[in-house]
Amino acid sequence: MNQPLHVVLDPTAMLLIARGNRRASRLVCQAGEGGGIHLYAPTCALVEADRIRRGVAEHIASLPGVGILDLDLPATIAVARRRTWGAAHTRHAAAPQPERPVEAVIATAEPERWAGEPVELMNLAA
């Protein structure tokens with residue numbers, strides 16, 4: 001039996017989804033069909049993506065299979081200690097959580113944004 005794949009969307013991945021990128025759309029479809037893929041959209045990353053392209057937040061929030069992650073107290077503390085809110089909330093969301101004890105993969109269109117971070121990436125722009 002395959003383990004489920006947990007994927008946190010960074011702002012660049014959300015923008016690709018909104019633009020209809022084929023690889024990103026396939027990921028969303030698989031998650032919506034219950035194919036063992038769980039997608040997460042951190043709220044701070046949603047805000048960052050929506051500031052670049054209006055309507056992205058509503059689009060991502062409407063997709064079946066994408067869970068919206070609120071900015072709770074542990075996430076707030078993590079965000080306060082990092083340079084950008086979107087990246088900080090994404091990184092925090094990818095870390096193991098009580099309900100998901102494994103590290104999630106971060107989906108991105110710009111892997112260079114994550115240089116030096118000990119995270120596993122899924123390059124949606126490749």
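How many salt bridges does a search of the whole structure find? The search turns up five. Keep in mind that this is a predicted model. The close-ups below take you through some of those pairs, two helix crossings and one strand residue.

**View 1. Helix H1 crosses helix H3 at roughly 55 degrees.** Start with H1, which covers residues 11-19, and H3, which covers residues 43-52. Their axes come within 8 Å. At that crossing angle, the two helices are oblique to each other, and the crossing is right-handed. Who does the touching? H1 brings Pro11, Met14 and Leu15, while H3 brings Ala45, Leu46, Glu48, Ala49 and Ile52. Sort these by class and you get seven nonpolar residues, no polar ones and one charged one. Remember Glu48, as this residue of H3 comes back in View 3.

**View 2. Helix H1 is mostly covered.** Stay with H1 and look at how much of this helix is tucked away: seven of its nine residues are buried. They are Pro11, Thr12, Ala13, Met14, Leu15, Leu16 and Ile17. Now look just past the end of H1, where glycine 20 takes a positive phi of about 85 degrees.

**View 3. Arginine 113 and glutamate 48 meet in a salt bridge.** Side chains of opposite charge can pair when their charged atoms come close. Here the N to O distance is 3.5 Å. Where do the two partners sit? Arginine 113 is in the loop between strand E4 (105-108) and strand E5 (121-123), and glutamate 48 is in helix H3, so this pair ties together parts that are 65 residues apart in sequence. Are these two buried or exposed? Arginine 113 has a relative accessible area of 42%, so this residue is partly exposed. Glutamate 48 is partly exposed as well, at 22% relative accessibility. The cut-off for buried is under 20%.

**View 4. Arginine 113 also forms a salt bridge with glutamate 110.** In this pair, the closest N and O atoms are 2.8 Å apart. Glutamate 110 is partly exposed, with 31% relative accessibility. Because salt bridges that share partners are joined up, Glu48, Glu110 and Arg113 form one network. So if you have just come from View 3, you are still looking at arginine 113, which pairs with glutamate 48 and with glutamate 110.

**View 5. Glutamate 103 forms a salt bridge with arginine 91.** The closest N and O atoms of this pair are 2.8 Å apart. The pair links distant parts of the chain: glutamate 103 is in the loop between helix H6 (85-94) and E4, arginine 91 is in H6 itself, and the two are 12 residues apart. How covered are the partners? Glutamate 103 is partly exposed, at 34% relative accessibility. Arginine 91 is at 15% and counts as buried, because the cut-off for buried is under 20% relative accessible area.

**View 6. Helix H5 packs with helix H6 at an angle of about 130 degrees.** H5 spans residues 73-80, and the axes of the two helices are 8 Å apart. That angle makes H5 oblique to H6, and H5 passes H6 in a right-handed crossing. On the H5 side, the contact is made by Pro74, Ala75, Ala78 and Val79; on the H6 side, by Trp85, Ala88, His89 and His92. By class, that comes to six nonpolar residues, two polar ones and no charged ones. H6 is mostly covered, with seven of its 10 residues buried. Those residues are Gly86, Ala88, His89, Thr90, Arg91, Ala93 and Ala94. You have already met one of them, as Arg91 is the partner of glutamate 103 in View 5.

**View 7. Histidine 6 lies in strand E1.** For the last stop, find E1, which covers residues 5-9. Is histidine 6 buried or exposed? At 13% relative accessibility, this residue counts as buried. Leaving out residues up to four places away in sequence, histidine 6 touches His38, Tyr40, Arg100, Val102, Ala104 and Val105. Take alanine 104 from that list: in sequence, histidine 6 and alanine 104 are 98 residues apart, yet in space they are 4.9 Å apart, C-alpha to C-alpha.

How values were computed
Residues numbered from 1 in each chain as written. Predicted model: local features only at pLDDT ≥ 70, side-chain atom pairs only at ≥ 80, totals over all residues. Heavy atoms only, no water. Axes fitted to C-alpha atoms, helices over the stretch in contact; angles between N-to-C directions. Helix = DSSP H or I, 4+ residues; strand = E, 2+ residues; numbered from the N terminus. Parallel < 35°, antiparallel > 145°, perpendicular 65-115°, else oblique. Left-handed = near helix turned anticlockwise from the far one by under 90°. Contact = heavy atoms within 4.5 Å. Nonpolar A, V, L, I, M, F, W, Y, C, P; charged D, E, K, R; others polar. Salt bridge = Lys/Arg side-chain N within 4 Å of Asp/Glu carboxyl O. Buried < 20%, exposed > 50% of the residue type's maximum accessible area, 1.4 Å probe, protein only.
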